[in-house]
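Trainee: I am new to this structure. Please take me closely through a single part, the aromatic pairs and what surrounds them.

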Amino acid sequence: MRSGTDGVFAAVALKDGHVWAVGRRAREDCQGTRPTVAHMSPDGRWSYNQDMSVPEVPGGRLESVLAITPTDVWAVGAIGGYDPEMYPPANCRPTSDGGEGAETPGSLPTPLVMHWNGSAWQRVELPPLKGALHGLTAFGENNLWASGTDPRQPGVALLLHYDGTSWMREGISAGGSGHAAIAAIPGTSGLWAVGSVGEDTDYEHAFVARRR
């Protein structure tokens with residue numbers, strides 16, 4: 001990878017010799033964050049945000065990535081919300097413009113889903129939601145699941161399902177989840193979701209839930 005690449009990578013995926021890394025980077029003049037994507041092709045060449053038309057999403061960050069094929073790659077995360085650890089440069093501070101990407105204490109994040117179609121990354125339309133996405137799994141190209149949390153519904157893990165046409169919300173009772181990851185059970189239509197109970201405290205406990 002190119003030396004000195006700015007930002008923080010949170011997840012990596014491999015498929016047929018292709019490597020994808022996703023995360024966040026600071027916007028110009030430290031005005032919050034935006035999604036960052038890096039790609040290594042089988043011949044060892046690296047491509048970065050501008051090379052792949054990664055959309056400018058103010059306040060955006062990516063937390064997980066899944067490659068179905070080299071031309072069908074998904075990434076999920078969130079827009080906005082406040083987390084002091086999101087800002088790699090020591091001199092950067094949150095913005096307070098109050099918009100979708102606002103990153104101020106007490107602001108609620110919005111789920112973010114992005115898709116690579118082989119030529120460009122695009123932000124995918126979602127139903128009106130609040131929360132952040134942390135995990136991603138799939139049974140196939142038209143059957144994907146993303147997991148996360150919604151601070152407005154602390155007793156339910158946030159699950160989104162893609163049926164090949166659109167993303168819709170589902171939920172698993174988790175007793176108050178602060179973080180959630182998800183995995184498909186090979187050879188079945190079932191899912192496992194795991195995470196923490198008790199958001200942002202020193203008294204979190206693990207939860208495990210299964211969707212048959």
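Mentor: Start with one term: two strands count as paired if DSSP finds at least two bridges between them. Strand β9 (residues 132–140) and β10 meet that rule, pairing in the antiparallel sense over seven bridges. Keep that in mind; we will come back to these two strands. Remember too that this is a predicted model. The mean pLDDT of the protein chain is 80, and 69% of its residues reach 70 or more.

Now to the rings. A pair of aromatic rings is described by the distance of the centres and the angle of the planes. Rings pair here if their centres lie within 6.5 Å, and planes over 60 degrees apart count as edge-to-face. By this rule the model has seven aromatic pairs. Take W20 and W121. Their ring centres are 5.7 Å apart and their planes stand at 80°, so this pair is edge-to-face. The two partners come from distant parts of the chain, 101 residues apart. W20 sits in strand β2 (residues 18–26), and W121 in strand β8 (residues 121–123). A third residue joins them: W20, W116 and W121 form one aromatic cluster.

Are W20 and W121 buried or exposed? Buried means under 20% relative accessible area. W20 has a relative accessibility of 1%, so W20 is buried. W121 is at 2%, and is therefore buried as well.

Next, look around the pair. In soluble globular proteins, nonpolar side chains tend to be buried together. The largest nonpolar core in this model has 18 residues. W20, V37, V65 and W121 are the residues with the most contacts inside this core. Several strands feed the core: β1 (8–15), β2, β5 (60–69), β6 (72–79) and β7 (110–116) each supply at least two of its residues. V37 shows how the parts meet. Beyond its neighbours within four places in sequence, V37 is in contact with both W20 and W121. Other contacts of V37 include A21, V22, Y48, M52, V54 and L62. A second core is separate from this one and has 15 residues, among them L126, L133, L136 and A146.

W121's own strand belongs to a sheet. Four strands form this open sheet, in the order β5-β6-β7-β8, with antiparallel pairing. β5 and β8 are at the edges with a single partner strand each, so one side of each has no neighbour in the sheet. On average, neighbouring strands of the sheet are turned by 20° against each other, direction ignored. Inside the sheet, β6 and β7 pair over seven bridges. One bridge there sets V76 against V113 in β7.

S64 takes us from this sheet back to β9. S64 lies in strand β5. With a relative accessible area of 11%, S64 is buried. Not counting residues up to four places away in sequence, S64 touches A11, V22, W74, A75, V76, H134, G135 and L136. G135 in turn stands opposite S147 in β10. β9 and β10 form a hairpin, with two residues between them. Six of the seven residues of β10 (residues 143–149) are buried, so this strand is largely enclosed by the rest of the structure.

One caution to finish. Over residues 93–98, pLDDT stays under 50. For that stretch the model has 12 contacts beyond four places in sequence.

Terms used:
Residues are numbered from 1 along each chain as its sequence is written. Side-chain values use heavy atoms; hydrogens and water are left out. Rings of Phe, Tyr and Trp (its six-membered ring) pair if their centres lie within 6.5 Å; planes under 30 degrees apart count as stacked, over 60 as edge-to-face and the rest as tilted. Buried means under 20% relative accessible area, exposed over 50%, partly exposed in between (1.4 Å probe, protein chains only). A nonpolar core is a set of buried Ala, Val, Leu, Ile, Met, Phe, Trp, Tyr and Cys residues joined through side-chain atoms within 4.5 Å. Contact means heavy atoms within 4.5 Å. Axes are lines fitted to C-alpha atoms, for helices over the stretch in contact, and angles run from 0 to 180 degrees between N-to-C directions. pLDDT is the predictor's confidence in each residue, from 0 to 100.
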